Amino acid sequence: MSEKKSKAKGGVILVTMGSNFAGNKICSYKQKILRKDKTMKKECVLSVFVLIFFTFLFVSDGYSAETRGVTKDTIKIGIMMSQTGSLADTGIPYTTGAKNYFRYLNDSGGINGRKVNVLVEDDRYAIPAAIAAFKKFVYKDEIMAMMGAGGTAPVTALFKSIEKEKMPTIAISLAESIVNPHKRYMFIAGSTYREQMGIILDYLMNDLPIKKPRIAFVYPDHQAGYQDLKPFEERTEKYGIKLADKEVLNFGAMEATAQVLNIKKAKVDYIVIGGSIVQNANVLLRELRKFGISTPVYGSFGTCTENLVEVAGEAAKNFYGVNTFSSWYEDAPGVKFMRKITEKYKTGEDRLFRSRFNTQGWLCAIIFAEGMKRAGKNLDGEALIDNIETLKDFDSGGLTGLLTYGKNKHYGSEYWKLYKANVEKKIMEPLTDWRKPLELK
């Protein structure tokens, strides 16, 4: 045996033994470490293998884990729209158009292998009913995305809930407040009401001969009415004119004698009715005819529909309207295809599914479906939004103008057409092609 002595710090003497015994001990210790290291590596490899195995076992079809409203083979979409009450003539055709498009997609194989399950709730254009319907959609039905609510007031009341529940929503209302300021979960299909006011006034000022026209503006004392009144007044100022008269005509009004007499007294060249629906526009047209007033009336989006021509009859002879969605009767390829599929499934009254709101519902379904297709198999609400935002100059076949969305732009276009009532045919015929408002200083 040999020894080697050395001094360590602190004066402690360390003795190192050099022998076969010590060497064998060291070698044995190293071998144990190596064997343990190999065992650990084998266990790690086995764990990774097990993880991969179970990953492929449960998602081997390529779909993401189930999320709200989306399963391996279904997608739940909710439509909140008036099915009864004063706006049923708006809500029913919108619902019909959307359901028919999704039914067509399902019959064609669905979206990336999934079928669309459409659930409908009646909000009756009432805020309490809209809140109740939204809660049902979220907590009971667990839908992925929503179409609706039935108008400006109900959807505005739901803004905070939509944001909280992260519910992608495409509204029927075209109010600018829905998308400005920007809201991640809110979309509209066409242009905003602000642009429609620009289209009407641009036409009156530039296409017609009167250079300083006297204009009366008729609107309901309602959020929808102010959405049109404010931008119209702002634009008249840019043109250097002032409104000759303003009259309130509310939803549900049965007559408009006082309003019509005031309009007559103001000696106006044109009447513009904004923020309104078929019911109160019909009252105005009939009262004008009763008093022998033939002043042209230019109606906003909610009045530019064949339903108004049908109910107003001869009183609609001098009625014009503006709309961001094509009529059922136009020859655009997208409209022809919509007619073909709608006639195949034909449900409800002709006057309803031939409504302009049928076109809007059909188009809103196309926009949602296109976002779902682009999202692929890993679909959820966030992916739907991200992929709708990729639509650039999307051609709907003439259902509306070209559609473009973006991360901070959730309205589809600025395009509108002007129409004129054809009382004999009971339709609204295009007076112009698609137009954008002129840029005014």
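Of the 441 residues in the chain, 52% are buried. The model is predicted, and it contains 14 helices and 14 strands. Display the chain as a cartoon to follow these elements, then switch to a surface view. The accessible surface comes to about 21,200 Å², and 54% of that area belongs to carbon and sulfur atoms. One further figure describes the fold as a whole: among contacts between residues at least 6 apart in sequence, 69% join residues at least 24 apart.

**Stop 1: Met-372**

Select Met-372, which lies in helix α13 (residues 356–375). Is Met-372 buried or exposed? Its relative accessibility is 0%, so Met-372 counts as buried, the limit being under 20%.

Now display what surrounds this side chain. Leaving aside neighbours within four places in sequence, Met-372 is in contact with Ile-75, Ile-77, Phe-102, Ile-111, Asn-112, Met-144, Leu-379 and Leu-384. Draw a distance from Met-372 to Ile-111, one of these partners. The two residues stand 261 residues apart along the chain, yet 7.1 Å separates their C-alpha atoms.

**Stop 2: Asn-112 and Arg-124**

Move next to Asn-112, another contact of Met-372. Asn-112 is found in the loop between α2 (88–107) and β4 (115–121). At 30% relative accessibility, Asn-112 is partly exposed, because this class covers values from 20% to 50%.

The backbone here deserves attention. Most residues other than glycine have a negative phi. Asn-112, although not a glycine, has a positive phi of about 50 degrees.

Follow the chain through β4 and select Arg-124, in the loop between β4 and α3. Arg-124 also has a positive phi, of about 55 degrees, and is not a glycine. With a relative accessibility of 48%, Arg-124 counts as partly exposed.

**Stop 3: Asp-141**

Continue into helix α3 (residues 127–141), where Asp-141 is located. The relative accessible area of Asp-141 is 9%, and the residue is therefore classed as buried. Which residues touch Asp-141, leaving aside its neighbours within four places in sequence? They are Lys-76, Leu-119 and Lys-136.

**Stop 4: two cis peptide bonds**

Most peptide bonds are trans. Select Gly-148 and Ala-149 to see a cis peptide bond, with omega near 0 degrees. Ala-149 belongs to the loop between β5 (145–148) and α4 (152–157).

Then select Asn-180 and Pro-181. The peptide bond from Asn-180 to Pro-181 is cis as well, with omega near 5 degrees. Pro-181 is placed in the loop between β6 (169–171) and β7.

**Stop 5: aromatic rings**

Colour the aromatic side chains. How many aromatic pairs does a search of the whole structure find? The search finds 16. A pair of aromatic rings is described by the distance of the centres and the angle of the planes.

Select Phe-187 and Tyr-405. Their rings form an edge-to-face pair, with 5.8 Å from centre to centre and 70 degrees between the planes. The pair links distant parts of the chain, 218 residues apart: Phe-187 is in strand β7 (residues 186–188), and Tyr-405 is in the loop between α14 (381–388) and β13 (417–422). Phe-187 is buried, at 1% relative accessibility, and Tyr-405 is buried with a relative accessible area of 0%.

Turn next to Phe-217 and Tyr-219, whose rings form a tilted pair: the centres are 6.0 Å apart and the planes meet at 40 degrees. Both of these residues are buried.

For a larger group, select Tyr-101, Phe-102, Tyr-104, Phe-337 and Trp-362, which form one aromatic cluster. Phe-102 has already appeared on this tour as a contact of Met-372.

**Stop 6: charges over rings**

Select Lys-183 and Phe-159. The charged end of Lys-183 sits over the ring of Phe-159, 4.8 Å from the ring centre. Then select Arg-356 and Tyr-419, where Arg-356 lies over the face of the tyrosine at 4.2 Å from the ring centre.

**Stop 7: the cavity**

End inside the protein. A search of the whole structure finds one cavity of 30 Å³ or more. The largest cavity holds about 260 Å³ of space. It is lined by 20 residues, and those closest to its centre are Tyr-193, Ser-276, Ile-277, Phe-301 and Gly-302. Colour helices α6 (193–206) and α7 (223–238) to finish: these are the elements that give two or more residues to the lining.

How values were computed:
Residues numbered from 1 in each chain as written. Predicted model: local features only at pLDDT ≥ 70, side-chain atom pairs only at ≥ 80, totals over all residues. Heavy atoms only, no water. Phe/Tyr/Trp six-rings, centres within 6.5 Å; stacked < 30°, edge-to-face > 60°. Helix = DSSP H or I, 4+ residues; strand = E, 2+ residues; numbered from the N terminus. Buried < 20%, exposed > 50% of the residue type's maximum accessible area, 1.4 Å probe, protein only. Lys NZ or Arg CZ within 6 Å of the ring centre and 35° of its normal. Contact = heavy atoms within 4.5 Å. Areas by Shrake-Rupley, 256 points an atom, 1.4 Å probe, with all protein chains shown as cover. 1 Å grid on protein atoms, 1.4 Å probe; cavity = no way out; pocket = protein on both sides within 12 Å on 5 of 7 lines; lining within 4 Å. Points joined across faces, edges and corners; volume = space filled by probe spheres on them.
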